[in-house]
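Biologist: Show me where the empty space is in this model, and take me through the linings one by one. I'd also like to hear how far the coordinates can be trusted.

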Amino acid sequence: MDIFTEAYATEQDAQDTLTHLRSNFLIPSKGDLARKTLRSDEKTDQNDEPSIYLCGNSLGLQPKLTHKYMQQYLDTWASKGVYGHFKEVEDSSLVPWLHVDDDCVPEMAKIVGALPSEVAIMQTLTANLHLMMASFYRPSKERYKIILEGKAFPSDHYAVESHLRHHALDPSHSMLLLTPSSDSHTLTTPQILSFLTLHAPTTALLLLPGIQFYTGQALDIPAITSHAHHLGITVGWDLAHAAGNLDLRLHDWGVDFAVWCSYKYMNAGPGAVGGLFVHERHGEVGEGSSSSGKGDDGEVGYRPRLAGWWGSSKASRFAMTNSFVPIPGAAGFQLSNPSVADTTALRASLDIFKLTSMEALRGRSLKLTGYLLELLDRLAEEQKAEEEEGGERCFSIITPREPEQRGAQISVLLKSGLLDVVMASLEAAGVVVDERRPDVIRVAPAPLYNTYRDVFLFVREFRLACQRAVRGEGGPGESVMVNGGKEAKGWSEVK
Ligand SMILES: Cc1ncc(COP(=O)(O)O)c(C=O)c1O
């Protein structure tokens, strides 16, 4: 069967053993997205057709379980008050609030390839990054620089800059920025490794993303970590776009620390509680720690950190003795009692991850992005052929082609000036992707809920959007006719 047909996409969905996972999610309908209110009771003008939601790289969709679990949390609070902290509620799926974070740890640990003791559910990504840098960035007179990408997510850049200033170091000298060569959007592993070798004598810490937010490039975490360690550099990873996306093995790869959020591929809702990984070799708590034991820093029996009561051993947590004895492992880096609302939403999401494995999801993800790339390539060829007749080639793909160098997100670089019309056209057609100005759209089929058909329909609408943009139709503010006239036919029919 011709792969450039909707029938092919539908057939692939019928055959794929994980397609059923989609039914665990609430997919906004096209009518939902177009309406200015939450919902309409009028059945007449509603478009109930599901939207083509390819934006899990920004905000994952809501699991159906979330509503049920949030209701149970609210009912517990309403009917048990403070007892909700300690007492089991027999007809609730949730544990007493005192244990909500611990309850999420084993499943989260599986997702990032860690031991349960290496993972904590806490705070948010940037807050966790600060906490980790407070513990892991230990500048000496000789080795004090921090390496990060030149195009790091701004929050990471700010965090690094602020730590350098905190240590009275000048960021313009102490922050080393890794940038792609002038003819490329992405870094190569050899380039990263040689940069590390060059700067190792003055470098204390390396901070990189598992997946680069703009290009969608997946970095080689094991090779880079191992090389940095060989050179005596501590390594931290921002896994915002990698958690719940790549098949990670943080423990086996020997990563020092990692941080992530759970609102993208982890589907726990906007701003939901984050996660943190500390390798077990850094989480040890020595004999008679507190302030008297001896540890790797000579002062206390554990790695120095910014401490809070939730990181202190459960025995001492409520003893109010002012004697901080950290829980061994990542849990000992916690500060505060976690938001139960947030953590409950994460619980709902993790219960869906439990139905499969990261290995299986990653396999499906590679097939979905592979299909997306094939369709986009076909479209690019078509646009190239049309160039002779006054048409235009509208885009290129900046995400690396190699399967191991991409996650679920494909970044499409548009020709300058087309972004607004393309985005407006896609939105009018009920297709949700996101943009990174000036010219990139990020398209992310999330393997938990997106389908081959979603991918097909996206490319079909994208093709029309490009045609409109090239013709200068439907600029911002102008209405965009979607599926109007001849173009309403499926791509397979007009190709
Ligand atoms: C790569 C990356 N790092 C850091 C952040 C900041 O996350 P937070 O707002 O949860 O601190 C984001 C947010 O999207 C991100 O994409």
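Modeller: Helices (H or I, at least four residues) and strands (E, at least two) are DSSP runs numbered from the N terminus. This is a predicted model, where local features need pLDDT of at least 70 and side-chain atom pairs 80 or more, while totals for chains, interfaces and linings use all residues. Residues are numbered from 1 along each chain as its sequence is written, and side-chain values use heavy atoms, leaving out hydrogens and water.

Let's start with the open spaces. The largest pocket holds about 760 Å³. (On a 1 Å grid over protein atoms alone, a pocket is an open set of points with protein on both sides within 12 Å along at least five of seven lines; in a cavity a 1.4 Å probe fits but cannot get out; lining residues have an atom within 4 Å of a point. Points join across faces, edges and corners, and the volume is that of probe spheres set on them.) A total of 26 residues line this pocket, and nearest its centre you'll find Leu26, Pro28, Asp32, Arg39 and Gln62. Two elements, β3 (62–63) and α3 (64–80), each give two or more residues to that lining. The largest share comes from α3, with 3 residues. By class, the wall splits into 12 nonpolar, 10 polar and 4 charged residues. (Ala, Val, Leu, Ile, Met, Phe, Trp, Tyr, Cys and Pro are nonpolar, Asp, Glu, Lys and Arg charged, the others, Gly among them, polar.)

Next comes the second largest pocket, at about 370 Å³. It has 15 lining residues, and the ones closest to its centre are Leu426, Glu427, Ala428, Ala429 and Gly430. Here α2 (30–34), α14 (419–428) and β13 (431–432) are the elements that supply two or more residues. Of these, α14 gives the most, with 5. The lining of this second pocket counts 10 nonpolar, 3 polar and 2 charged residues.

Now for the closed spaces. Searching the whole structure turns up 3 cavities of 30 Å³ or more. The largest cavity comes to about 60 Å³. Around it sit Thr76, Gly84, Lys87, Glu88, Val89, Ser92, Leu94, Val95, Pro96 and Trp97. That set divides into 5 nonpolar, 3 polar and 2 charged residues.

The second largest cavity has about 50 Å³ of space. Its wall is made by Gly244, Tyr265, Asn267, Leu361, Ala446, Pro447, Leu448 and Tyr449. No charged residue lines this second cavity; the split is 6 nonpolar and 2 polar.

As for trust, the chain has a mean pLDDT (the predictor's confidence in each residue, from 0 to 100) of 92, and 92% of its residues reach 70 or more. Confidence peaks in strand β9 (residues 257–260), at 99, and is lowest in helix α16 (residues 491–494), where the mean is 45. Over residues 289–296 the pLDDT is below 50, and the model gives that stretch 24 contacts (heavy atoms within 4.5 Å) beyond near neighbours in sequence. Residues 479–490 also stay under 50, with 24 contacts beyond four places in sequence. Where pLDDT is low, predicted coordinates shouldn't be read in detail.
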